[in-house]
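User: Please take a close look at one part of this model, the sheet, and at what packs and bridges around it. Keep it brisk and give the cut-offs.

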Amino acid sequence: PVREVVRMIVGILRLDLMIRGAHSLKEKRRAVKGYKDRIRVRYNVSIAEVGDHDFYQRADLAVVCVGTDVGYVQGLLQKVVNQVPYVRDLELIDFDIEIL
């Protein structure tokens with residue numbers, strides 16, 4: 001049997017966030033962990049802190065999803081971006097979406 005080749009689309013979202021009110025790494029971890037857990041469950045994506053580890057009020061996160069449709073992957077990552085303003089302690093400074 002001939003196996004159908006399916007095009008795999010990988011989307012990478014980079015979020016640069018400000019954590020308002022964080023005065024220690026413990027407070028930062030609490031805010032970032034809560035956000036990561038909600039995004040992971042709600043959108044079924046992988047999310048990790050990839051930078052700014054030693055800064056109390058900054059977080060650099062990467063979100064990755066895989067699909068077969070560019071529009072779906074782009075839209076899903078944009079939904080993740082659109083959720084940031086609704087998170088009490090987080091403020092979006094910048095973001096970048098890359099599709100591979």
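Analyst: Here is the sheet, followed by its helices, core and salt bridges.

This is a predicted model, in which local features need pLDDT of at least 70 and side-chain atom pairs count only at pLDDT 80 or more, while totals for chains, interfaces and linings use all residues. Residues are numbered from 1 along each chain as its sequence is written, and side-chain values use heavy atoms, with hydrogens and water left out.

Start with the strands. The sheet is open and has four strands in the order β2-β3-β1-β4, with antiparallel pairing. Helices (H or I, at least four residues) and strands (E, at least two) are DSSP runs, numbered from the N terminus. Two strands pair if DSSP finds at least two bridges between them. β2 and β4 stand at the edges with a single partner strand each, so one side of each has no neighbour in the sheet. On average, neighbouring strands are turned by 25 degrees against each other, direction ignored. β1 and β3 pair in the antiparallel sense over ten bridges. Arginine 14 stands opposite alanine 62 in β3.

Next, the helices. α1 lies across β1, β2, β3 and β4, and runs at about 150 degrees to β2. α2 also packs on the sheet, where α2 touches β1, β3 and β4. The direction of α2 makes about 10 degrees with that of β1. Axes here are lines fitted to C-alpha atoms, for helices over the stretch in contact, and angles run from 0 to 180 degrees between N-to-C directions. Contact means heavy atoms within 4.5 Å.

Now the core. The largest nonpolar core has 26 residues. Such a core is a set of buried Ala, Val, Leu, Ile, Met, Phe, Trp, Tyr and Cys residues joined through side-chain atoms within 4.5 Å. Leu13, Leu15, Leu17, Tyr35, Val63 and Val80 have the most contacts inside this core. Two or more residues each come from β1 (9-19), α1 (25-43), β3 (58-67), α2 (70-83) and β4 (90-99). Beyond residues up to four places away in sequence, leucine 13 touches Leu61, Ala62, Val63, Leu77, Val80, Val81, Phe95, Asp96 and Ile97.

Then the charged pairs. The whole structure holds eight salt bridges, each a side-chain nitrogen of Lys or Arg within 4 Å of a carboxyl oxygen of Asp or Glu. Aspartate 60 meets arginine 14 in one of them (2.6 Å, N to O). That pair links strand β3 to strand β1, with the partners 46 residues apart. Buried means under 20% relative accessible area, exposed over 50%, partly exposed in between (1.4 Å probe, protein chains only). Aspartate 60 is buried at 13%, whereas arginine 14 is partly exposed at 39%.

Arginine 58 and aspartate 16 form another salt bridge (2.7 Å, N to O). Arginine 58 is in strand β3 and aspartate 16 in strand β1, 42 residues apart. Arginine 58 is partly exposed at 29%; aspartate 16 is buried at 18%.

Lysine 28 and glutamate 49 also meet in a salt bridge (2.9 Å, N to O). Lysine 28 lies in helix α1 and glutamate 49 in strand β2 (residues 46-51), so the pair ties together parts 21 residues apart in sequence. Lysine 28 is buried at 2%, while glutamate 49 is partly exposed at 22%.

Shared partners join Arg30, Arg88 and Asp89 into one salt-bridge network. Aspartate 89 is in the loop between α2 and β4 and is buried at 15%. Leaving aside neighbours within four places in sequence, aspartate 89 contacts Met18, Ile19, Arg20, Arg30 and Ala31.
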